[in-house]
Amino acid sequence: MSQPQTRPYAEHRPAYHFLPPAGWMNDPNGLIHFRGEYHLFYQHNPESAVPRNIVWGHAVSKDLVHWKHLPIALRPDKPYDKDGVWTGCMVDDGGVPTAVYTGVHPEVQCIATSKDMMSWEKAPENPVVAAPPPGLQVTGFRDPYVWRSRDWWYAVVGSGIRDVGGTILLYRSRDLRRWEYLEPALVGEKAKTGEMWECPNFFQLGRKWVLWTSPVPLGRVLYFVGTFRNHRFTPEYQGEMDLGGCFYAPQGFRDARGRRILFGWLWETRPEKMSVEAGWAGVQSLPRQVSLSPEGRLLFKPVAELSRLRREHVNLPAQLLRSGEEVVVKGIAGDRWEMFAEIHPQEAQKCGIRIVHTADEAQVTTVLFSQANGTLSVDRSHSSRYEEVARDVRSAPLSLKDGEPLRLRLFVDHSVLEVYANEHTCLTSRIYPQGTGGYQPHLFAEEGTARLMRIEGWILDAIW
Ligand code: DQQ
């Protein structure tokens, strides 16, 4: 197929987020920091921008920012995975990179190994888990996530118990080939947290354990922080990872520096026809470093290496932001930028940033903090003149403690908008304005005066 850059809607194609050369991408898979390099595999259809004939795409990076595409790693070419090589993870088995993934059909767990990270061999023992635990009526059985603890490998597999709810099944193995089912690590309630839990991740973070999953049919990512004893996980805190409505199936890994880093799939919110004409669909989020707050909630921070993309820098003096006035951040424009704003809302009931399309100011996306409602929202109702793209308002709860400023960090990359607020609240969105020209940030306050403490911005480099 021809290069997406020369196809329609080229202005929507991100330039510093990860995406394949062409075609469809969904879940990140097989993330690992191996021999000094970061490997990212992903669910991929190289032929067309639709979710069919999925293979494992593969890319490598030395810094999590600049990526090199590598040959396709896994294809559906065995009887046990002929209908799909679905999501899985990667472990280092004594120097041998080993992918643990779901083969379809039906859903079974399989492994593949490599000597050089380039060619992959599926194990003769496949499928290594040939069926769900006997006696359980499951709604799905996929997306294994594996870790090592002393002499055992453990795995969680995403599942659900019919009429009960999403479920995480816990297994262990000595050799990654023979697996023993232990018990459900956690069972949800269908009415509240969905019927099937996809793409679980389960890991220790500090003194706590973290479990996150992408429940069907919610289409969002839930996380739980708690304790893990005697094969039972007891959640103490529950949160949502990103409430922008475009972020799903994240996968995390631990790098050699001990950081827990995740990528999530940012899906399109334009019709499939537009994606097919564009020649591509799906983007990975920026790599986010995950940590724990003193209250036990997750914190998300784009990895420090992203500052390598920074070019022209803009810095605004502290100033008052009066109701009805706007501060336009001149110097930040175009399709690729990062911005940091520290704002004391003071008595202003609302404040935020309008992301205005420079060639057509009627196309505007609003990031709004409402003190009265205790919410942060991204309003896409005027983002685009295209009638057929999503135009909604997505909100996350956000209240500031006494004297705490609003700390917004925004990343704009063509059709991607990532918003981080005070490190714990994320709203990631997709916007598809008509025409080229990029965007400019306009700060505003309503119903009172806010105080701008610090405004900084950077034009960012393209990596593709
Ligand atoms: N996508 C994969 C599945 C997973 C789902 C298939 C989540 O393994 O459950 O592409 O997006």
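Which residues is Trp67 in contact with, leaving aside its neighbours within four places in sequence? In this predicted model, the partners of Trp67 are Phe18, Tyr38, Leu40, Ala59, Val60, Ser61, Phe263, Ile463 and Trp464.

Trp67 belongs to the largest nonpolar core, a set of 48 residues. Five residues touch the most other members of this core: Leu64, Trp67, Trp212, Leu298 and Phe300. The greatest contribution comes from strand 18, residues 260–266, which gives four residues. A second core is separate and holds 36 residues. Val327, Val329, Phe369 and Leu417 are among them.

The secondary structure of the chain consists of two helices and 35 strands. The radius of gyration is 22 Å, and the globule rule gives 23 Å for 464 residues; the two values are close, so the chain is as compact as a globular protein of that length. Along the principal axes, the C-alpha trace spans about 65 × 50 × 40 Å.

Burial and contact order were examined next. Of the 464 residues in the chain, 61% are buried. Contacts between residues at least 6 apart in sequence were also considered. Of these, 58% join residues at least 24 apart.

The surface and the charges complete the description. About 18300 Å² of the chain is exposed. Carbon and sulfur atoms supply 48% of that area. Positive side chains number 53 and negative side chains 54. The centres of the two sets lie 4 Å apart.

How values were computed
Residues are numbered from 1 along each chain as its sequence is written. This is a predicted model: local features need pLDDT of at least 70, side-chain atom pairs count only at pLDDT 80 or more; totals for chains, interfaces and linings use all residues. Side-chain values use heavy atoms; hydrogens and water are left out. The radius of gyration is taken over C-alpha atoms; the globule rule is 2.2 Å times the number of residues to the power 0.38. Buried means under 20% relative accessible area, exposed over 50%, partly exposed in between (1.4 Å probe, protein chains only). Contact means heavy atoms within 4.5 Å. Accessible areas come from the Shrake-Rupley method with a 1.4 Å probe; for residues, only the protein chains shown count as cover. Lys and Arg count as positive and Asp and Glu as negative; His and the chain ends are not counted. The place of a charge is taken as NZ of Lys, CZ of Arg, CG of Asp or CD of Glu. A nonpolar core is a set of buried Ala, Val, Leu, Ile, Met, Phe, Trp, Tyr and Cys residues joined through side-chain atoms within 4.5 Å.
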